[in-house]
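Visitor: I have a protein model on the screen and some questions about it. Could you walk me through the fold?

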Amino acid sequence: MQVFPGVGVSPGRIIGSVRQMPKPVGEPAQGERLAESSTPDDASALLLTASKAVHAELKRRSEGAQGAGKAVLESTALMATDPLLIEGAVTLINAGTSAERAIWDSGASVAEMLHNLGGYMAERAADVLDVRARIVAELRGVPAPGIPHSDTPFILVGEDLAPADTATLDPSIVMGLVTSGGGPQSHTAIIARALGLPAVVAAVGVDELDDGTEVYVDGAAGTLTVGPGPAEVAAAEAWVALAATLAVFDGNGGTADGHPVPLLANVGGAADAVAAAEAGAQGVGLLRTEFCFLGRDTEPSVDEQVAAYRGVLDAFPGKKVVVRTLDAGADKPLPFVTDATEPNPALGVRGYRTDTSSPGVLERQLAAILAAAEFSAAEVWVMAPMIATAEEARRFAAQCAAAGLKTPGVMVEVPSAALTAEAILREVDFVSLGTNDLTQYAMAADRQLGPLAALNNPWQPAVLQLIRLTVVGARAEGHHTGQVKPVGVCGEAAADPALAVVLVGLGVSTLSMTARSLSAVHAVLSRVTLDQARELAQLALSASSATDARAAVRAHLPILEDLGL
């Protein structure tokens with residue numbers, strides 16, 4: 001029985017047949033020249049037609065997607081007609097290179113440039129290579145790379161999945177995901193969690209398995225087993241019953257002894273919000289407003305934004321909805337906001353910082369949020385991403401006040417914000433920990449890179465200490481005012497039931513996650529007391545590694561094994 005260990009990113013125990021992602025489009029021949037019957041102008045026209053066709057197809061697919069998947073497809077569609085990519089190819093065509101070879105080489109140059117920038121841009125490099133393959137396929141008149149078609153369910157396996165593919169997975173056919181690359185915070189991982197698919201990443205060697213191979217996947221343990229035996233069959237059968245149990249959340253998050261812990265949802269649009277409300281979410285802890293901005297060449301109008309935000313607010317009358325202002329930059333470039341020539345975009349002008357380089361965008365967005373709030377019964381809070389100093393927090397609070405918004409807050413995803421939480425909370429009414437970026441910046445580890453998956457782990461003691469210090473800062477500030485301001489978590493760490501217990505033990509007041517994780521987190525959290533959660537938090541803090549911290553906490557939570565989590 002062969003076992004492939006990896007990193008579990010979405011729980012579930014399933015048995016099924018492997019279907020490999022198709023191999024990449026074949027590289028055009030080195031030095032391939034224009035056919036004698038073709039002119040550079042003809043070849044350039046064909047290339048432009050192909051790139052527009054790829055753009056249109058990705059846009060079409062985005063219209064049938066929702067939330068994060070929709071945003072990914074829209075962003076990837078922009079890459080298909082990116083001027084840097086196309087102009088580089090046209091230059092090569094004018095020098096006599098065939099259209100296929102020209103777009104291939106231009107894509108390689110753009111991808112290498114993005115890869116060398118590091119940080120989030122590694123993901124954009126993968127998008128460029130995906131897009132160039134689609135354009136070559138279009139030029140050749142062959143099917144584009146993508147998820148294999150099947151009338152029967154299968155487990156999708158491959159080296160990694162392009163964001164445009166993960167965005168359109170059909171969970172009724174794709175039973176689970178296993179990749180040899182990727183990391184725990186990659187798009188593959190995030191979308192698997194959003195779809196509720198068992199998933200394992202960084203399982204080296206699985207991309208060599210033959211189609212049709214029967215395997216057992218344990219998304220919690222992070223393993224793929226070839227040739228499952230009776231024990232694996234029994235575990236998979238038991239999971240079916242467990243999954244039904246875990247699908248229920250009554251909308252009252254808290255510990256076994258009655259300590260309330262509101263469980264909120266991360267959403268990327270109205271459809272997400274409606275689904276989250278139906279799943280019992282007690283509000284929205286993170287509304288990603290990028291869904292209004294991505295896939296556009298110009299800024300959406302205030303009226304357009306109002307209509308989009310209303311769709312989310314209306315799903316939660318009388319409940320809290322935390323709206324994050326535009327988080328453009330790094331992996332979410334926008335032509336009317338960000339600078340594509342930055343040498344290191346992950347550490348560049350992104351999030352709240354774009355208000356300096358592109359003044360007016362934030363002011364108009366705040367006006368739109370207020371207008372939407374005035375038409376809604378939801379309780380609207382607003383927070384800014386990428387805040388690093390108390391001075392920035394003070395400035396944002398003043399902007400919110402000028403716009404008429406009453407509850408300003410900030411994201412804690414830069415280590416400096418965690419270390420100065422007391423000073424920051426003197427300026428705003430709440431903070432929310434974005435553990436994806438906080439982990440990435442604390443550990444200096446790109447969250448998309450499989451080789452850094454062990455570092456890029458929110459169980460890292462250093463990350464847990466930063467979360468603890470944020471809570472300590474909030475309590476210190478509250479000591480002076482007589483009221484401790486809320487500290488929430490809206491990063492993917494909140495979706496891990498074991499880590500959710502630790503977060504509550506550290507003093508976090510609310511947890512926000514993909515709606516599909518609500519019931520599992522509630523099932524575990526409701527079985528521990530607040531004192532037990534505090535003990536487990538100290539156990540994790542005292543560990544010397546992320547692996548030890550996770551193992552120690554899980555050893556004291558047998559309910560996880562019982563529930564297949």
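Guide: One term before we start: helices are DSSP runs of H or I with at least four residues, numbered from the N terminus. Ile369 is found in one of them, helix H12. Keep in mind that this is a predicted model.

Visitor: Is Ile369 buried or exposed?
Guide: Buried means under 20% relative accessible area. Ile369 has a relative accessible area of 2%, so it counts as buried.

Visitor: Which residues is Ile369 in contact with, leaving aside neighbours within four places in sequence?
Guide: Ile369 sits in helix H12. Its C-alpha atom is 39 Å from that of Gly107, 262 residues away along the chain. Its contacts are Tyr309, Val323, Thr325, Val380, Val382 and Leu405.

Visitor: How many helices and strands does the protein chain have, and what is its radius of gyration?
Guide: The count is 22 helices and 16 strands. The globule rule gives 24 Å for 565 residues, and the chain comes close to that, so it is as compact as a globular protein of that length. Its C-alpha trace spans about 80 × 65 × 40 Å along the principal axes. The radius of gyration is 24 Å.

Visitor: What share of the 565 residues is buried?
Guide: Start with the outside. The accessible surface comes to about 21,800 Å², and 55% of it belongs to carbon and sulfur atoms. Buried residues make up 58% of the 565.

Visitor: Among contacts between residues at least 6 apart in sequence, what percentage join residues at least 24 apart?
Guide: Take Trp381 and Pro408 as an example pair. They are 27 residues apart along the chain, yet their C-alpha atoms are separated by 6.2 Å. For the contacts you ask about, the share is 68%.

Visitor: Which residues have the most contacts inside the largest nonpolar core?
Guide: In soluble globular proteins, nonpolar side chains tend to be buried together. Here the largest nonpolar core has 103 residues. A second, separate core has 29 residues, including Ala43 and Leu47. In the largest one, the residues with the most contacts are Leu511 and Leu557.

Visitor: What does Leu511 touch, not counting residues up to four places away in sequence?
Guide: Several stretches of the chain contribute. One set is Val261, Pro262, Leu263 and Leu264. The others are Val489, Ala494, Ala500, Leu503, Val504, Val521 and Leu525.

Visitor: Is Trp381 buried or exposed?
Guide: Trp381 lies in strand E12, residues 379–384. Among the residues it touches are Lys320, Val321, Phe430 and Pro486. Its relative accessibility is 13%, so it counts as buried.

Visitor: Where is Phe375, and is it buried or exposed?
Guide: Phe375 is in the loop between helix H12 (361–374) and E12. Its C-alpha atom is 8.9 Å from that of Asp314, 61 residues away along the chain. The cut-off for exposed is over 50%. At 59% relative accessibility, Phe375 counts as exposed.

Visitor: Which residues of H16 are buried?
Guide: Eight of the nine residues are buried, so H16 is largely enclosed by the rest of the structure. The cover includes helix H7, strand E13, helix H14, strand E14, H17 and strand E15. The buried residues are Thr435, Asn436, Asp437, Leu438, Thr439, Gln440, Tyr441 and Met443.

Visitor: Which residue just after H16 takes a positive phi?
Guide: Most residues other than glycine have a negative phi. The residue in question is in the loop between helix H16 (435–443) and helix H17 (461–481). Its relative accessible area is 70%, so it is exposed. With a phi of about 50 degrees, it is Ala444.

Visitor: What is the phi of Ala202?
Guide: Ala202 lies in the loop between strand E6 (199–201) and strand E7 (214–218). At 17% relative accessibility, Ala202 counts as buried. Its phi is positive, in a residue other than glycine, and is near 55 degrees.

Visitor: Last one: how far apart are the mean positions of the positive and negative charges?
Guide: The protein chain carries 38 positive and 64 negative charges. One of the residues of the positive kind is Arg. The separation of the two mean positions is 5 Å.

Conventions. Residues numbered from 1 in each chain as written. Heavy atoms only, no water. Helix = DSSP H or I, 4+ residues; strand = E, 2+ residues; numbered from the N terminus. Rg over C-alpha atoms; globule rule 2.2 N^0.38 Å. Buried < 20%, exposed > 50% of the residue type's maximum accessible area, 1.4 Å probe, protein only. Contact = heavy atoms within 4.5 Å. Areas by Shrake-Rupley, 256 points an atom, 1.4 Å probe, with all protein chains shown as cover. Charge placed at Lys NZ, Arg CZ, Asp CG, Glu CD. Core = buried A, V, L, I, M, F, W, Y, C linked by side-chain atoms within 4.5 Å.
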